[in-house]
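Work through the exercises below with the sequence and the 3D view open. Try each task before you read its solution.

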Amino acid sequence: MAKLKDFKTFWKGKKVFITGHTGFKGSWLIVILNMLGAKIYGYSLKPQKKSLFNQISGDKIIEKNFYGNITDYNNLKSKINKVNPNIVLHLAAQPLVIDSYNDTLNTHKTNILGTVNLLEACRKIKSIQSIVIVTTDKVYKIKKNKNYFSEIDELGGDDPYSASKACSEIVTMSYIKSFFNNTKLKNRVSTARSGNVIGGGDYAKNRLIPDIVNSVNRKQKLLLRNPKSVRPWQHVIEPLIGYIILAQKQYQRLTSLDPSWNFGPEKNNFLSVLNIVKISKKFEKINFKIVNEDKFKETIILKLNNKKAKKYLFWSPKWDLEKSLEKIFEWNKLTKMKKNVREICEQQVNEYLGDIK
């Protein structure tokens with residue numbers, strides 16, 4: 001995989017429009033792209049008061065913040081037209097399964113209509129040379145005895161979140177076939193599916209790693225739901241580098257394959273919730289209690305096949321689960337010591353890309 005200096009050759013000065021830039025993944029993404037010298041423009045809801053975006057002073061490291069809802073087509077279109085970006089990365093979403101049950105209508109509006117709005121707004125902007133639509137590992141139709149899902153597997157979704165993201169995939173394919181295949185954007189629009197991302201600065205509710213970190217910081221007992229659930233855990237840097245490579249390859253016309261890509265972890269990162277806690281106890285003292293309070297249906301076992309991205313994009317995961325958890329607890333300790341949060345993130349990105357030891 002390329003190092004930071006190699007990415008800079010391409011990304012320096014590129015105008016990048018990111019939706020959802022104030023979220024957890026979006027904030028890490030703007031840190032990385034800022035390190036590469038890109039000119040970043042963001043469209044998103046305003047960040048929560050306690051957010052990674054605020055901790056890194058995200059408004060100071062990007063060219064322009066545009067605050068708005070992805071469901072507001074006219075506002076979104078006007079902002080993209082104003083920027084005339086070279087590359088678009090669509091991360092804006094309602095990302096939580098539990099919230100999709102509690103606010104189903106907004107989940108579908110955001111995840112389906114938001115994708116439609118983004119693609120429609122980009123359709124006639126001549127400056128755009130690459131678009132990546134970020135979805136999820138949960139877009140696949142779950143089948144018995146199916147161990148790993150590859151990009152050609154059938155889409156589906158039982159819960160509202162998964163269904164909305166599968167629809168986002170279908171919408172994107174429709175736009176590619178109906179509008180982009182006869183334009184300069186042929187082979188330059190794709191969807192990207194990652195696993196369960198973890199990392200410093202995730203403050204979402206009802207997520208395992210934030211719950212573990214909160215229990216450590218507050219010295220409280222961790223209440224553990226779904227201890228047997230298996231997920232494709234990966235540090236947030238891993239898929240973000242995948243998205244960056246994909247966007248770059250599309251821009252350079254170096255890929256013409258089916259426009260769906262899995263950026264999942266290696267097989268040894270497919271572990272249960274209970275095993276995550278056990279590994280975390282190597283770094284912090286954790287007391288936990290298994291509770292039976294999950295009333296919403298979620299997939300028990302979910303695994304991604306990442307062979308396509310490894311073979312054709314030369315992307316591959318670098319950090320196993322223990323290393324990823326080590327970096328999360330390191331991040332947590334340094335932030336509690338009042339260290340500069342953006343510099344902590346940059347240090348971990350540098351370490352990941354191998355520029356420093």
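**Exercise 1.** In which helix do Glu330 and Lys327 both lie, and how many residues apart are they?

*Solution.* Keep in mind that the model is predicted. Step one: locate the pair. Both Glu330 and Lys327 sit in helix α12, which covers residues 321-336. Their spacing is three residues, about one turn of the helix. Step two: check the side chains. Glu330 and Lys327 form a salt bridge, with N to O at 2.9 Å. That passes, because the cut-off is 4 Å. Step three: look at exposure. Lys327 is buried, at 2% relative accessible area. Glu330 is partly exposed, at 28%. Step four: extend the search to shared partners. Lys323, Lys327, Glu330 and Glu351 are joined into one network by such salt bridges.

**Exercise 2.** Place Gln348 and list what it touches, leaving out residues up to four places away in sequence.

*Solution.* Start with the helix. Gln348 belongs to α13, residues 341-353. Next, accessibility: Gln348 has 0% and counts as buried, because buried means under 20%. Then the contacts. Gln348 touches Lys327 and Glu330, the salt-bridge pair of Exercise 1. The list also holds Trp28, His235, Ile237, Trp319 and Trp331.

**Exercise 3.** Compare two salt bridges, Glu169 with Arg193 and Lys143 with Glu154. For each, find the location and decide whether the partners are buried or partly exposed.

*Solution.* Recall the principle: side chains of opposite charge can pair when their charged atoms come close.

- Glu169 and Arg193: the closest N and O atoms are 2.8 Å apart. The pair links distant parts of the chain, with Glu169 in helix α7 and Arg193 in strand β6 (residues 189-194), 24 residues apart. Glu169 is buried at 1% relative accessibility. Arg193 is buried too, at 2%.
- Lys143 and Glu154: the N to O distance is 3.4 Å. Both residues lie in the loop between β5 (130-134) and α7 (160-180), eleven residues apart. Lys143 counts as partly exposed at 42%. Glu154 also counts as partly exposed, at 41%.

Finish with the total: the structure has 13 salt bridges.

**Exercise 4.** How many disulfides does a search of the whole structure find, and why is Cys122 not bonded to Cys167?

*Solution.* First, what to look for: a disulfide is a covalent bond between the sulfur atoms of two cysteines. The search finds zero. Now take the distance. The cysteine sulfur closest to that of Cys122 belongs to Cys167, and it is 20 Å away, so it is too far for a bond. Cys167 likewise has Cys122 as its nearest cysteine, and is in no disulfide. Last, check the surroundings. Cys122 is buried, at 0% relative accessible area, whereas Cys167 is partly exposed, at 30%.

**Exercise 5.** Which residues have the most contacts inside the largest nonpolar core? Take Ile241 and name its contacts, again leaving out residues up to four places away in sequence.

*Solution.* Step one: the largest nonpolar core has 51 residues. Those with the most contacts inside it are Trp11, Ile18, Trp28, Leu33, Leu89, Ile241 and Phe263. Step two: Ile241 touches Met1, Phe7, Ile32, Trp315, Tyr352 and Leu353. Step three: look for another core. A second, separate one has 24 residues, including Phe66, Ile70, Val88 and Cys122.

Note on methods:
Residues numbered from 1 in each chain as written. Predicted model: local features only at pLDDT ≥ 70, side-chain atom pairs only at ≥ 80, totals over all residues. Heavy atoms only, no water. Salt bridge = Lys/Arg side-chain N within 4 Å of Asp/Glu carboxyl O. Helix = DSSP H or I, 4+ residues; strand = E, 2+ residues; numbered from the N terminus. Buried < 20%, exposed > 50% of the residue type's maximum accessible area, 1.4 Å probe, protein only. Disulfide = S-S within 2.5 Å. Core = buried A, V, L, I, M, F, W, Y, C linked by side-chain atoms within 4.5 Å. Contact = heavy atoms within 4.5 Å.
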